[in-house]
Amino acid sequence: MKFRAKIVDAACLNHFTRVSNMIAKLAKTCTLRISPDKLNFILSDKVASGGVSMWCELDQENFFSEFQMEGISAENNEIYLELTSENLSRALRTAQNSRALKIKLTNKHFPCLTVSIELLSVSSSSRSVTHDIPTKVIPRKLWKDLQEPTVPDPDVSIYLPALKTMKSVVEKMKNISNHLLSLEPLDSTQTSVWLLLPVPELPALLGPSPGSARWGIQVSLCVCSARCLRI
């Protein structure tokens, strides 16, 4: 098995770092699936028992200027690694404002994901920082438990405002027990939908893709009888 990749674009590096930070907040460990054209971060905890299940897919051509990998065989050209999410997130934090980031699968008496960061320097000399993240190679027989989940077709597609706007509203609502969420149809021939939801459930609504959305969204936060916060 072989894997090496390089990021030189600052925007791509920042995006990759934000994805890693998000995953570190969701679970202690995650699975990294490496294939010739994609990277996947997978969380496979049982939702029924309070865990988090997630399938995060990144097209490698959108992030990496260089990308090489060889799986366990020609027929199964993939690599599955288990690692501590916080270790990867912590390593990537040191890559902010760096010149380049290199990731490589290495063997240092145990499998490691080695993250090498080329730092910016005011002089002509170069500086680098290396992090060795211990990993566990997941055997082929366990891959069946780490496949992309089947998502049913939605009954309603919701078009949401910018996530930063939603986050600001959610943070203001966190100390309030309930809120009223009003889904107003963009087409006057459709029927309005009113939902009364507990505040912790609102972040779950940030996930739907706006690609096929036909509904607008209006969120009202009742502060008192005379004041409301609207977006």
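Here are a few worked exercises on the fold, packing and hollows of this predicted model.

A quick word on ground rules: residues are numbered from 1 along each chain as its sequence is written, and side-chain values use heavy atoms, with hydrogens and water left out. Since the model is predicted, local features need pLDDT of at least 70 and side-chain atom pairs count only at pLDDT 80 or more, while totals for chains, interfaces and linings use all residues.

**Exercise 1. Work out the strand order of the open sheet and find its edges.**

Step one: get the elements. The protein chain has three helices and 13 strands, taken as DSSP runs numbered from the N terminus (helices are H or I, at least four residues; strands are E, at least two).

Step two: follow the pairing, which takes at least two DSSP bridges between two strands. Nine strands then line up as β4-β3-β2-β6-β9-β8-β7-β1-β5, paired antiparallel in an open sheet.

Step three: look at the ends. β4 (53–59) and β5 (66–70) each have a single partner strand, so one side of each is left without a neighbour in the sheet. From one strand to the next, the twist averages 25 degrees.

**Exercise 2. Zoom in on β8 and β9, then place helix α2.**

Start with the pair: β8 (residues 111–119) and β9 (residues 127–137) run antiparallel and are joined by eight bridges. For a landmark, pick valine 115, which stands opposite histidine 131 in β9.

Now add α2 (residues 85–93). This helix packs on the sheet and touches β2 (29–34), β3 (38–44), β6 (79–84), β7 (100–107), β8 and β9, where contact means heavy atoms within 4.5 Å. The direction of α2 makes about 85 degrees with that of β6; axes are lines fitted to C-alpha atoms, for helices over the stretch in contact, and angles run from 0 to 180 degrees between N-to-C directions.

**Exercise 3. Which residues line the largest cavity?**

First, the count: the structure holds one cavity of 30 Å³ or more. On a 1 Å grid over the protein atoms alone, a cavity is a set of points where a 1.4 Å probe fits but cannot get out, and lining residues have an atom within 4 Å of a point.

Next, the volume, meaning the space filled by probe spheres set on the points, which are joined across faces, edges and corners: the largest cavity comes to about 40 Å³.

Finally, the lining: Phe3, Phe16, Leu32, Leu39, Phe64, Leu88, Ile103 and Leu113.

Conventions:
On a 1 Å grid over the protein atoms alone, a cavity is a set of points where a 1.4 Å probe fits but cannot get out, and a pocket is an open set with protein on both sides within 12 Å along at least five of seven lines; lining residues have an atom within 4 Å of a point.
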